[in-house]
Structures are given as C-alpha cells and as structure tokens.
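Please open the structure in the viewer and keep the sequence beside it. The tour proceeds by selections, each followed by a short account of what is found there.

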Amino acid sequence: MSTSRPGVVGRSLDLERGGGPAQVDAVVDFAASNPALILLVVFLLGFVFFAYLFVRRTLTGLRDGFDEGYRGK
C-alpha cells in the first residue's frame, strides 16, 4: 500500500530543502488538486489585463483629443 499526503494528486512527494525539482512537482500537484482556484486566478489576471488595456486606450484617446483641440482642428 502506497502512502501519500492528502491533497497530493498522482504521486507522493518528499520536498527537498535545496529548492530542487520536487518544488515544481508540488506546484503541479497543487494546480491539479485545485482547478477552481486556478480558474479564478486566470480570470482575475485576464480582468486586470483587460482593465489595463481599456484605461490605456481611454487615456491615449483623451490625449489625442486634447492635442487636436489645442491645434485648433
């Protein structure tokens, strides 16, 4: 019978103190065991990126409008 920790999907791990490949396995196992959290993080990152692009486009359009008004077009 194989022993593994609760929440670890697929394999049992012994994390190394040196920061070796076992930490990558821990991240992969965390992502596999928490898909809803990963989807939430991806959604939030997408929203922040969209908001950045929206504000950037709004401010550049505002600047162009001010420049055209200043030149008297």
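A residue counts as buried when its relative accessible area is under 20%, and as exposed when that area is over 50%. The model shown here is a predicted one. With the whole chain selected, 5% of its 73 residues count as buried. The surface that the chain exposes amounts to about 6,600 Å², and carbon and sulfur atoms supply 66% of this area. In cartoon view, the chain contains 2 helices and 0 strands.

Next, select residues 21-33, which form helix 1, together with helix 2. How do the two helices meet? Their axes come within 5 Å and cross at roughly 95°. Angles from 65 to 115 degrees count as roughly perpendicular, and helix 1 and helix 2 are therefore roughly perpendicular to each other. To see the contact itself, display the side chains of F30, A31, A32 and S33 on helix 1, and those of P35, L37 and I38 on helix 2.

Now select helix 2 alone, residues 35-71. Its 37 residues, at 1.5 Å a residue, should span 54 Å, and the C-alpha atoms at its ends are 54 Å apart, so expectation and model agree.

Within helix 2, select F50 and F54, which lie 4 residues apart, about one turn of the helix. By the rule applied here, the chain has 1 aromatic pair. F50 and F54 form that pair, which is stacked, with 6.3 Å from centre to centre and 20° between the planes. Are these side chains buried or exposed? F50 counts as exposed because its relative accessibility is 53%, and F54, also at 53%, counts as exposed as well.

Finally, move to G72, just after helix 2, where phi is positive at about 80°.

Conventions. Residues are numbered from 1 along each chain as its sequence is written. This is a predicted model: local features need pLDDT of at least 70, side-chain atom pairs count only at pLDDT 80 or more; totals for chains, interfaces and linings use all residues. Side-chain values use heavy atoms; hydrogens and water are left out. Buried means under 20% relative accessible area, exposed over 50%, partly exposed in between (1.4 Å probe, protein chains only). Accessible areas come from the Shrake-Rupley method with a 1.4 Å probe; for residues, only the protein chains shown count as cover. The expected span of a helix is 1.5 Å times one less than its number of residues. Rings of Phe, Tyr and Trp (its six-membered ring) pair if their centres lie within 6.5 Å; planes under 30 degrees apart count as stacked, over 60 as edge-to-face and the rest as tilted. Axes are lines fitted to C-alpha atoms, for helices over the stretch in contact, and angles run from 0 to 180 degrees between N-to-C directions. Angles under 35 degrees count as roughly parallel, over 145 as roughly antiparallel, 65 to 115 as roughly perpendicular and the rest as oblique. Contact means heavy atoms within 4.5 Å.
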